[in-house]
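Biologist: Please take one part of this model, the packing of its secondary structure elements, and go through it closely.

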Amino acid sequence: MARAYTDVSEGDPGDEEELARGLIARKQRGEHVDGDILILLDDLERVGLTETEAYRALDAHRPQSEP
């Protein structure tokens with residue numbers, strides 16, 4: 001089941017890097033974007049883009065699960 005991103009419009013195939021940078025910047029500002037980061041990571045994994053800079057950057061900011 002596809003999940004929608006918040007405040008994201010359709011764009012070029014390379015937009016995953018722009019999305020990743022935006023989410024990381026928002027997280028660093030203290031915004032609650034963990035859910036959006038997990039959604040984008042899931043989508044990148046689903047389409048096989050785990051070797052991209054966007055995936056690596058987001059993976060470094062992957063929310064930790066609660067014990």
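**Packing of the elements**

Modeller: The chain has 3 helices and 0 strands, where helices are DSSP runs of H or I with at least four residues and strands are runs of E with at least two, numbered from the N terminus. This is a predicted model, in which local features need pLDDT of at least 70 and side-chain atom pairs pLDDT 80 or more, while totals for chains, interfaces and linings use all residues. Residues are numbered from 1 along each chain as its sequence is written, and side-chain values use heavy atoms, with hydrogens and water left out.

Read from the N terminus, the order of the elements is α-α-α. The chain has 67 residues, and 25% of them are buried (under 20% relative accessible area, 1.4 Å probe, protein chains only). Its accessible surface is about 4,900 Å², and carbon and sulfur atoms account for 50% of that; the area comes from the Shrake-Rupley method with a 1.4 Å probe. Of the contacts (heavy atoms within 4.5 Å) between residues at least 6 apart in sequence, 51% link residues at least 24 apart.

Now the helix pairs, starting with α1 and α2. Helix α1 covers residues 15-28 and helix α2 residues 34-46; the two pack with axes 10 Å apart, at an angle of about 155 degrees. Because of that angle, α1 is roughly antiparallel (over 145 degrees) to α2. Axes are lines fitted to C-alpha atoms, for helices over the stretch in contact, and angles between N-to-C directions run from 0 to 180 degrees. The crossing of α1 past α2 is left-handed, that is, the near helix is turned anticlockwise from the far one by less than a right angle. On the α1 side, the contact is formed by Glu16, Leu19, Ala20, Leu23, Arg26 and Lys27, and on the α2 side by Asp34, Asp36, Ile37, Leu40 and Leu44. Sorted by class, these are 6 nonpolar, no polar and 5 charged residues.

Next is the pair of α2 with helix α3, which spans residues 53-60. Their axes come within 10 Å and cross at roughly 140 degrees, so α2 is oblique to α3 (an angle of 35 to 65 or 115 to 145 degrees). This crossing of α2 and α3 is left-handed. Helix α2 contributes Ile37, Leu40, Leu41, Leu44 and Glu45 to the contact, and α3 contributes Ala54, Tyr55, Leu58 and Asp59. The classes here are 7 nonpolar, no polar and 2 charged.

That leaves α1 and α3, whose axes come within 8 Å at a crossing angle of roughly 20 degrees. The angle makes α1 roughly parallel (under 35 degrees) to α3. The crossing of α1 with α3 is left-handed. Glu16, Glu17, Ala20, Leu23 and Ile24 of α1 meet Ala54, Ala57 and Leu58 of α3. By class, the α1 and α3 contact holds 6 nonpolar, no polar and 2 charged residues.

One residue outside the helices belongs in this account. His61 lies in the segment after α3, and it counts as partly exposed (20% to 50%) because its relative accessibility is 23%. Beyond its neighbours within four places in sequence, His61 has contacts with Ile24, Lys27, Gln28 and Ile37. Lys27 is 34 residues from His61 along the chain, and their C-alpha atoms are 8.6 Å apart.

How values were computed. Nonpolar A, V, L, I, M, F, W, Y, C, P; charged D, E, K, R; others polar.
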